[in-house]
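Colleague: I should like to learn how to read a protein model step by step. May we begin with the cysteines and then move outward to the rest of the chain?

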Amino acid sequence: MKKICAMLLLGTLFFNLSWAWAKTSKNFDLWLYELGAYDLFVNQKFALTPALVKPFLESCFKLKKYEQIINFFHTQTKLISTLPSPTQKSIYLIYARALRAQGDFFEAAYQYARLKDLLSPKELKKVIKTEPNLDNFILCACLDQLWSTTLPDPLKWQKILNFALASWPNALVFKELSQLKLSPPVISPEKKYLLGLKLILIDYLGLNPNIFSLQSFSNWQKFMHLLLAKDTSNNLWQEIFGQDFVQFQGERFQTNSTKLKEFINHLNLLSAKEGLVLIQKQLSSIFIEPAVKKQLSLLYFAYLIFNHKLKQAQKLTRSLASNDLKLNLVLARLNNDPQLVFKLYPTYSKQFLKTSLALVGFQFTELKDPLHPEPLSMLAYYQRLTAKRELNYTSAYQLSFLFPHSYWGQQAHLFLAKNAYKKGQKKLAWTYLKKVNPKLLGPKTNIEFLKAKAGLLMELDHPKQALQVYLQLLSDLKPNQLDLDPVKIVKLGLLAQRLGQLALAENIFTNLLTNFPKLSSSLRAETYFWLAETYQLEQKNKQAIKEYLKVAYFYPQEHIWAITALYRAAQLSEQLGNTAMAKKLYTLVIKKADQKSQKQAAKQRLQELSPASDHTYFIY
């Protein structure tokens, strides 16, 4: 009976192995791919058949071999044309992603747009949801083309915008871009800054821009308009400056006077010239309340600028005290005093204030980028730094300093922290990590931040804090995203186990085994062992036995773990009443153990188990 039980156990394990092999052994190349051995699969010398195209390109993408993917599409047009429709849909998405990762923004945007011809509306909607920040990416790709020295291909440009308008119909930004002329007229700096004053005041006062003859914008003018648009879902400023822009965008002229609100609505029906005349008449009335008259003076100030009467407007600046940055940008421009803005708004980042002042015509040498000599060159410079969607030390340092509240500024903090850590400067790394504001991070960057924070806290000997961060990480992280250092993960799992957080420990060890197929034999055996021990502490004895036996069966070369696992499995078998299995396991310990103490302990337990107590107990 003992032999039968042992054979059943080993037979079960052998059957599982045989079944796994039979399932994947039809094609060795595909088997490697299914196992996740992407590097081995890509390096295999095989003829690229239609069945292997998608796995090949997916493997190249996972290995970040983007040039190999792009080269495939340049050289394998005939093969691509023979592929079935579902395969073509998948590989063109991979192509778009590769171009995006490689930094060829406009071509990537075009390939995304081509998916509209290949996918059903439902499939396209799913792709849009799964692609990170695709709307922002398409916008940046279009703006980048507008700033380039060569005009974009008009057919590709139109296809991209048609795709964007269909995918995000409520995004005003793409409607504005679709109206652009690809050959912008030359406009003087004076007219540019005057237009900036107008647009800021229109936005601040909530007026209708259509009454001010602003329809024939150049590219620069349109871009200026986009920055002040009410729809901020795709706004580049929001990406760059984060909370600064949210605060700035929220500033609006407020009044409690119902009559004044009705008056503003009436102004929206008039031209700028007619509006100025009407405001002047109202101000001459002796029946207007002082509070309303003060607010009416602000409208008068704005309409003077709309009618290019700047000298008259300048005389009113002293009487228009306000806490709102939008209004003070205009006042600073008319008084030629940018320091006014820096003094009044210490809570805004300095670079945001400088860029805002550039909108109304102030020139700062540090804003100039020789490649993009536009007044909005800080925005262009930001795009230049982030064009490759990759950081080096120089770009990270500049982004960290110049754009601390931006998405890429936050990533720069992480990059510099990693750089300091690699140099052994752990305290400096922690200093950079403390600058990160999780509220300003995207989901992926936040996960990267939590990984770095958990690991560094462990290094700095703060295990309890590290465990709390890791717990948060697990709540946000999908299993296939887990890529912390495996040794650190094992330590965190043991810490959770010692603190009595057994469910967390189980989760940590299980995720490690699932998501690290290339763990060393020793570390994998150790992880299985601690997982089994965690099950044992949770009183999940059947699961514990199964995991202990995995250690002994699959990793016999890891002697210290394998022998101890056999012994523990035997003990638990005893507790469950399966003495036949326990005896067999103790016998294996006696045969395999090197240490006398292990042999003696197993012999003692074997002697104490009486033959009368033998019976078969099937665990599986």
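Colleague: Is Cys 142 buried or exposed?

Modeller: A residue counts as buried when its relative accessible area is under 20%. Cys 142 has a relative accessible area of 0%, so it is buried. Cys 60 is likewise buried, because its value is 0%. Please keep in mind that this is a predicted model.

Colleague: How many disulfides does the structure hold?

Modeller: The structure holds zero disulfides.

Colleague: Which residues does Lys 65 contact, leaving aside its neighbours within four places in sequence?

Modeller: Lys 65 is in contact with Val 42, Asn 43 and Cys 60. The lysine sits in the loop between helix H4 (50-62) and helix H5 (66-75). Its relative accessible area is 29%, so Lys 65 is partly exposed. One may also compare sequence with space: Lys 65 and Gln 102 are 37 residues apart in sequence, while their C-alpha atoms are 9.5 Å apart.

Colleague: How should I read the nonpolar cores, and which residues touch the most other members of the largest one?

Modeller: In soluble globular proteins, nonpolar side chains tend to be buried together. Here the largest nonpolar core has 124 residues, and Ile 279, Leu 299, Phe 301, Ile 305 and Leu 325 touch the most other members. The element that gives the most to this core is helix H19 (residues 290-306), with 11 residues. Another core, of 50 residues, lies apart from it and includes Leu 57, Cys 60, Tyr 92 and Val 127.

Colleague: What does Phe 301 contact beyond its neighbours within four places in sequence?

Modeller: The contacts of Phe 301 are Ala 313, Leu 316, Thr 317, Leu 320, Leu 327, Val 330, Leu 331 and Leu 334.

Colleague: Where does Tyr 303 lie?

Modeller: Tyr 303 is part of helix H19. With a relative accessible area of 0%, Tyr 303 is buried. Its C-alpha is 5.5 Å from that of Leu 276, although 27 residues separate the two in sequence.

Colleague: What is the phi of His 308?

Modeller: Most residues other than glycine have a negative phi. The phi of His 308 is near 65 degrees, a positive value in a residue other than glycine. His 308 is placed in the loop between H19 and helix H20 (310-315). Its relative accessible area is 48%, so His 308 is partly exposed.

Colleague: Where does Gln 539 lie, and what is its phi?

Modeller: Gln 539 is in the loop between H32 and helix H33 (541-554). Its phi is near 65 degrees, again a positive value in a residue other than glycine. The cut-off for an exposed residue is over 50%. Gln 539 counts as exposed because its relative accessibility is 63%.

Colleague: How does one judge a helix, with H31 as the case, by its number of residues and its reach?

Modeller: One sets its end-to-end reach beside the expected span, at 1.5 Å a residue. Helix H31 (residues 502-515) has 14 residues and reaches 20 Å from its first C-alpha to its last, close to the 20 Å expected. H31 is mostly covered, with 10 of its 14 residues buried. Among these buried residues are Leu 504, Glu 506, Phe 509, Asn 511, Leu 512 and Leu 513.

Colleague: Which residues does Thr 527 touch, not counting those up to four places away in sequence?

Modeller: Thr 527 touches Val 490, Phe 509, Leu 512 and Leu 513. Thr 527 is found in helix H32 (residues 521-537). It is buried, because its relative accessible area is 0%.

Colleague: Which elements have the lowest and the highest mean pLDDT?

Modeller: Helix H1 (residues 2-24) has the lowest mean pLDDT, 35, and H32 the highest, 94. Over residues 1-26 the pLDDT is below 50, and this stretch has 20 contacts in the model beyond near neighbours in sequence. The pLDDT also stays under 50 over residues 215-220. The protein averages a pLDDT of 77, and 77% of the residues score at least 70.

Colleague: Finally, how many helices and strands does the protein have?

Modeller: There are 36 helices and zero strands. Of the 620 residues, 51% are buried. Among contacts between residues at least 6 apart in sequence, 59% join residues at least 24 apart. The accessible surface comes to about 31,800 Å², of which 54% belongs to carbon and sulfur atoms.

How values were computed: Residues are numbered from 1 along each chain as its sequence is written. This is a predicted model: local features need pLDDT of at least 70, side-chain atom pairs count only at pLDDT 80 or more; totals for chains, interfaces and linings use all residues. Side-chain values use heavy atoms; hydrogens and water are left out. A nonpolar core is a set of buried Ala, Val, Leu, Ile, Met, Phe, Trp, Tyr and Cys residues joined through side-chain atoms within 4.5 Å. Buried means under 20% relative accessible area, exposed over 50%, partly exposed in between (1.4 Å probe, protein chains only). Helices (H or I, at least four residues) and strands (E, at least two) are DSSP runs, numbered from the N terminus. Contact means heavy atoms within 4.5 Å. The expected span of a helix is 1.5 Å times one less than its number of residues. pLDDT is the predictor's confidence in each residue, from 0 to 100. Accessible areas come from the Shrake-Rupley method with a 1.4 Å probe; for residues, only the protein chains shown count as cover. A disulfide is a pair of cysteine sulfur atoms within 2.5 Å.
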